[in-house]
Amino acid sequence: MGFRHIFITYLENSSLHGARFTVEKENHFTEKLFWVVCITLAWIASGFLIMSAWDAFQHNAIQFVVETSYRDWDTDFPAIAICESKNMDRVSKVSEQLWGSDHDFTLEEVLSEIAYFRGESYHTVHECYADDEGVDNCLQTNFSYYASLVRSSCKETLDLCWWNDIQFDCCEYFHPMETELGLCYAINSNQVRTPKAPRFPMRSNKYTGPGSIKIQILIEANVYVIGEEDVPNLVTSKSDILAVGPYISYLRKISVRNIENDPLTRSVSVEQRNCRFHDEHSLDVHTHYSYSACSVQCRKDKQLELCDCVSHLMPNTDPRVYCNMSGLICLNENYEELSVVIPKWSKSRKGVICDCMPSCTEIDVSLVHDSRNNIMEHQRPMSLVEIGLINLPTEKYKRNVVRGKLDLVVSFGGSASLFLGCSLLSFVEVVYYFFIRPYGLPADDIDNNTENKSESTGKA
């Protein structure tokens with residue numbers, strides 16, 4: 001029993017339209033050639049349609065639309081993070097505890113630089129480097145410990161808070177968040193130390209009107225308005241940072257656009273939708289994915305590559321890989337390269353190459369208005385910060401899946417059915433006739449069946 005007999009038997013009995021006409025003995029050669037050409041063209045046309053459907057599935061599976069049914073929306077206020085930027089009173093107090101009241105004041109500059117490390121450490125490197133004639137008792141290692149001595153607690157950072165003029169306990173809802181800028185305090189963020197920490201219901205709708213939060217801050221700090229998975233970081237745009245100081249009242253008005261995702265979005269691959277959900281990551285610096293968290297991971301990896309250690313403020317990091325003095329010198333020497341994030345195609349520039357995708361749930365926060373006034377009447381130094389929505393959102397983005405896996409199957413099946421007249425079982429026939437049936441019947445039976453089939457067709 002040869003392959004030719006098996007092949008002819010398959011063509012005579014195949015459910016593929018037109019296949020049997022190519023092998024019927026009574027058909028003229030021109031008839032057989034005609035059907036071979038037709039079947040070939042049908043396969044080519046079907047292949048083009050299938051490839052087109054596959055390409056659309058890979059590159060155009062997602063569609064963005066703008067929704068404007070705003071009357072029924074509940075808008076969650078963005079997360080607020082407050083990061084201490086400077087506190088020389090705390091630095092002086094800790095310096096006296098460490099070195100006594102009669103200490104070199106250069107040590108205070110060094111301690112401040114360590115506590116509020118921003119990637120550069122000019123005084124520490126030039127005053128404490130062991131090979132130079134530096135200041136006595138200078139810090140050489142264990143920088144994270146000294147930073148923790150200086151940074152203020154929540155009670156020392158925040159005083160009073162209001163949501164829509166209703167007062168609440170600040171430190172019950174502002175929770176510690178580890179960042180590459182040091183310890184911050186954030187409300188309604190998923191990146192805080194305790195993920196199940198209580199959240200304050202900062203929600204706005206047509207009944208409440210645009211919401212606003214007021215905070216009395218007792219120290220010099222930077223205030224960030226971010227998404228619930230975002231984190232303050234070294235490359236946050238300065239226009240997005242509200243730097244606050246004592247005896248000044250700040251008012252910032254913002255607008256917010258949210259992104260809603262079709263439930264089927266998760267069934268589409270990350271590359272197709274070009275975004276990641278909060279749990280689709282391999283980050284170790286933060287528990288939830290966001291573009292800003294990913295950029296922090298990139299800097300950590302680059303620091304390890306260049307200096308074999310990381311910044312002592314790097315979040316969720318084993319203290320054994322924190323930099324000592326030699327590592328701090330290395331970070332300082334590579335500051336320009338470590339402080340800039342560049343895309344992977346821009347290799348000619350200095351910076352950290354970071355191939356981070358946006359978050360699927362990120363929000364668009366736009367600054368609309370900023371103002372400040374003096375409040376010298378307060379007896380103790382503090383700042384009053386009010387951040388509010390300029391108005392209720394009237395539109396939001398929605399990510400819809402327009403070509404899912406089911407649509408792909410339907411496209412494939414429609415193309416095959418239209419041009420070839422086949423179904424899934426038609427392809428199962430190939431396996432049956434070539435790999436199962438030859439071993440289930442004797443060779444003579446197959447030959448006889450083929451001859452009988454040809455004779456009956458001729459008589460008809």
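The link between cysteine 83 and cysteine 184 is right-handed, with 110° about the S-S bond. In this predicted model, the sulfur atoms of cysteine 83 and cysteine 184 lie 2.0 Å from one another. The bond connects distant parts of the chain, cysteine 83 belonging to strand E3 (residues 79–86) and cysteine 184 to strand E7 (residues 182–187), with the two positions 101 residues apart in sequence. Cysteine 83 and cysteine 184 are both buried. This disulfide is one of eight in the structure.

Helix H10 takes part in two further disulfides, described here in turn. Cysteine 298 is bonded to cysteine 354 with an S to S distance of 1.9 Å, and this link is right-handed, at 90° about the S-S bond. Distant parts of the chain are again joined: cysteine 298 is in helix H10, whereas cysteine 354 is in the loop between strand E15 (352–353) and E16, 56 residues away. Both of these cysteines, 298 and 354, are buried.

The disulfide of cysteine 307 and cysteine 330 has its sulfur atoms 2.0 Å apart. Its torsion about the S-S bond is about -80°, so the disulfide of cysteine 307 and cysteine 330 is left-handed. Because cysteine 307 lies in helix H10 and cysteine 330 in helix H11 (residues 325–333), the pair ties together parts that are 23 residues apart in sequence. Cysteine 307 and cysteine 330 are each buried.

Cysteine 38 and cysteine 422 were examined as well. The closest cysteine sulfur to that of cysteine 38 is in cysteine 422, at 16 Å, which is too far for a bond. Cysteine 422 is likewise in no disulfide, and its nearest cysteine sulfur is that of cysteine 38, 16 Å away. As for solvent accessibility, cysteine 38 has a relative accessibility of 29% and therefore counts as partly exposed. Cysteine 422, at 8% relative accessibility, counts as buried.

Strand E16 also belongs to a sheet. This open sheet consists of six strands in the order E5-E4-E9-E17-E12-E16, with mixed pairing. Its edges are formed by strand E5 (166–168) and strand E16 (364–374), each of which pairs on one side only. From one strand to the next, the twist averages 20°. At the E5 edge, strand E4 (residues 158–163) and E5 run antiparallel and are joined by three bridges. Tryptophan 162 has glutamine 167, in E5, as its bridge partner.

Internal space was also examined. Five cavities of 30 Å³ or more are present in the structure. The largest cavity contains about 70 Å³ of space. Its lining is made up of Phe117, Gly119, Leu234, Arg299, Gln303, Leu331, Tyr335, Leu338 and Ser339. Two or more lining residues come from each of helix H10 (291–307) and helix H12 (335–338). By residue class, the lining of the largest cavity comprises five nonpolar residues, three polar residues and one charged residue. Helix H10 thus appears in two settings: this helix contributes to the lining of the largest cavity, and it also holds cysteine 298 and cysteine 307.

Key: Residues are numbered from 1 along each chain as its sequence is written. This is a predicted model: local features need pLDDT of at least 70, side-chain atom pairs count only at pLDDT 80 or more; totals for chains, interfaces and linings use all residues. Side-chain values use heavy atoms; hydrogens and water are left out. On a 1 Å grid over the protein atoms alone, a cavity is a set of points where a 1.4 Å probe fits but cannot get out, and a pocket is an open set with protein on both sides within 12 Å along at least five of seven lines; lining residues have an atom within 4 Å of a point. Grid points are joined across faces, edges and corners, and a volume is the space filled by probe spheres set on the points. Helices (H or I, at least four residues) and strands (E, at least two) are DSSP runs, numbered from the N terminus. Ala, Val, Leu, Ile, Met, Phe, Trp, Tyr, Cys and Pro count as nonpolar, Asp, Glu, Lys and Arg as charged, and the others, Gly among them, as polar. Two strands pair if DSSP finds at least two bridges between them. Axes are lines fitted to C-alpha atoms, for helices over the stretch in contact, and angles run from 0 to 180 degrees between N-to-C directions. A disulfide is a pair of cysteine sulfur atoms within 2.5 Å. Buried means under 20% relative accessible area, exposed over 50%, partly exposed in between (1.4 Å probe, protein chains only).
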